[in-house]
Every structure is written in C-alpha cells, then in structure tokens.
Amino acid sequence: MTAITASGTKLRAPRINGHQTFGRALRSEWIKIRSLRSTWVTSAVAMGVMVVFGAATAIGYHDIPEQVDQAKYQITSAAPFGYIIVAVLGALQVTGEYASGQIRSSLAAVPKRGQLLVSKAVVLAIVSFLLGSVSVFLSWAISKPFIGEHAGSLTDSHYIGYIWGSGLVFATIALLALGLGFLLRSTAGTITVIVSLLFIISGPLQLAASKWPWLFKIVGCLPSIVSEAVSDPFQLTTVWGTEGPQFLTHDQAIAVFAAWALVPLIAPWFVFSRRDA
C-alpha cells in the first residue's frame, strides 16, 4: 500500500513480516505466568506447606521406634495440601483472564484458540511438575540429616519415583483445573469442583459402597485414588488389582488418572473454539 504526500512523494507502508507461531504463543504464556504475582504466591505457599509438613512428618515418624522404617515414605504426606494450591494456580491461568477481560487481548494475539489452550497447558504442566518434584525433593533433603540411615536413597529407582511421580500428579491436577476453568470461567466454581473430586465425594461413596459394592468401581476411578498409582509408581504396584477401591491394575489406574487431565482439556477445546470470549 502506498500514499502520496502533498509534494507528490510516494510513501510505502511498512511490511510486517512476523506471524503467530506456537513457539511464540508458548513464550507469551511463559511471560504471563511468571509475571503474575499469584503465580509466585501460590508456588511459595505450596512449596512451604509441602516441604515443612513433609519433612516434619518424616522426622516425627523417625522418633517413633515402631514407625522408624516408615519415616522415609512420609516426605509426600503434605501433598494433598499442595494439590489444592496447584489447582488454584491452574484455575487462575484462565479464570483470571476472564475476570479481567484480558482473554480478549490473548485471543487477539493468538487467534487460533486451540493453540492458545495448548500453550497454556504446556507452560502450566511444566511449572506444576517442577513445583511438585522440587517440593518433595526438598522435603527429603531437609529430613535426611535428622533420620540418617533411615532416609530413602536417591539412587533407588523405587524411592526416587516419589519425586517425579509427585510432579506428574501436580501437573495433572493443574491441567484438570485449567480445563474446568475454561468450562466454568469461575475460580470459585473450579476450585469447588476440584476439592469435591479430591477430598469430599470419596467419603460418602465409600460409605454407600458398604451397602452397594458396585460403587467401589466409581470410587476406584476418582483422581484421589488413581493418583496414588502415579505419586507412588513402584511401592504400591502389588496393591493394585485387588478388591475394593483399588480394583484397577496399576497400568489401568495410571491411564484413568491421565484421562482426568486429557478429557477436561478436550471438552473445553470444543467449547472454547465455539463460544464467545
């Protein structure tokens, strides 16, 4: 496009050579997540709670003679508190944008909605994985000097599974919250659903299962149950495939837990791509 000035000189409009790519979408989401104060606050709280309570529980078990051998397994005892906090982090990545109206700017920068959703999911999964893994590692590192030879070894592939397994659980729960956030567009609503799935609904269902045993099939598929197959990938392999809530095999439990992240992302993709911002 050209324009002619009063003196007859032709001016050519500058050409913009850049175009939106998935890599640039990832970079923009990374900038957003690390520049938000809520990210640092929730991460600090999650790590503080998990590290302090996990290490304290491990040390406390070590001081009980009959429980000394179980002390090393307590480094993940505070993980459920971390689940709630990381769910808040996942929800805020999308509900915060809807609340502030920033979602319109995000869509203007990344018109392909599927690309925006996936870039948010990738960045959130990486941050959440590191948050869970580092927290458990620090719990081990702090408790080790106190429990000495009874501490687990990082050279033991079974034991180190607690560290990367906890990271995977954190990432999955964060993605579940992200997907629900796209669907509900409400931080309070998303957190309510997450807390219900993780901590509330299993209790009444297990009580009802004493009368109707088929309810154990539902309990055994809840994220609070199948997450144990991921956070403790080796120690409990012999437990799975038995009666009751752990009726699934170990591999089946892992697949079901993965579905808790994938399904809530696939469903919002259809809704998000067709619904107004």
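Visitor: What volume does the largest cavity have?
Guide: Happy to help! Keep in mind that this is a predicted model. The structure holds 1 cavity of 30 Å³ or more. The volume of the largest cavity is about 30 Å³.

Visitor: Which residues line the largest cavity?
Guide: Let's look at their kinds before their names. The lining divides into 3 nonpolar, 1 polar and 2 charged residues. The residues that line this largest cavity are Glu29, Ile33, Gln93, Lys120, Val123 and Leu124.

Visitor: Which helix gives the largest share of the lining of the largest cavity?
Guide: Two helices are good candidates here: H1 (22-35) and H5 each supply at least two residues of that lining. The largest share is 3 residues, and these come from H5.

Visitor: Which helix gives the largest share of the nonpolar patch?
Guide: Now we move to the surface. A nonpolar patch of about 800 Å² is found there, and its members include Phe22, Val118, Leu130 and Phe146. The largest share of this patch, 9 residues, comes from residues 113-147, which form helix H5.

Visitor: Is Leu130 buried, partly exposed or exposed?
Guide: Nice one to reason through! Leu130 is found in helix H5, and Leu130 is also one of the residues that make the nonpolar patch. Buried means under 20% relative accessible area and exposed means over 50%, with partly exposed in between. Leu130 has a relative accessible area of 47%, so Leu130 is partly exposed.

Methods: Residues are numbered from 1 along each chain as its sequence is written. This is a predicted model: local features need pLDDT of at least 70, side-chain atom pairs count only at pLDDT 80 or more; totals for chains, interfaces and linings use all residues. Side-chain values use heavy atoms; hydrogens and water are left out. Patches are made of residues with over 30% relative accessible area and no salt bridge: like charges are joined within 9 Å, nonpolar side chains (Val, Leu, Ile, Met, Phe, Trp, Tyr) within 5 Å. Accessible areas come from the Shrake-Rupley method with a 1.4 Å probe; for residues, only the protein chains shown count as cover. A salt bridge is a side-chain nitrogen of Lys or Arg within 4 Å of a carboxyl oxygen of Asp or Glu. Helices (H or I, at least four residues) and strands (E, at least two) are DSSP runs, numbered from the N terminus. Buried means under 20% relative accessible area, exposed over 50%, partly exposed in between (1.4 Å probe, protein chains only). On a 1 Å grid over the protein atoms alone, a cavity is a set of points where a 1.4 Å probe fits but cannot get out, and a pocket is an open set with protein on both sides within 12 Å along at least five of seven lines; lining residues have an atom within 4 Å of a point. Grid points are joined across faces, edges and corners, and a volume is the space filled by probe spheres set on the points. Ala, Val, Leu, Ile, Met, Phe, Trp, Tyr, Cys and Pro count as nonpolar, Asp, Glu, Lys and Arg as charged, and the others, Gly among them, as polar.
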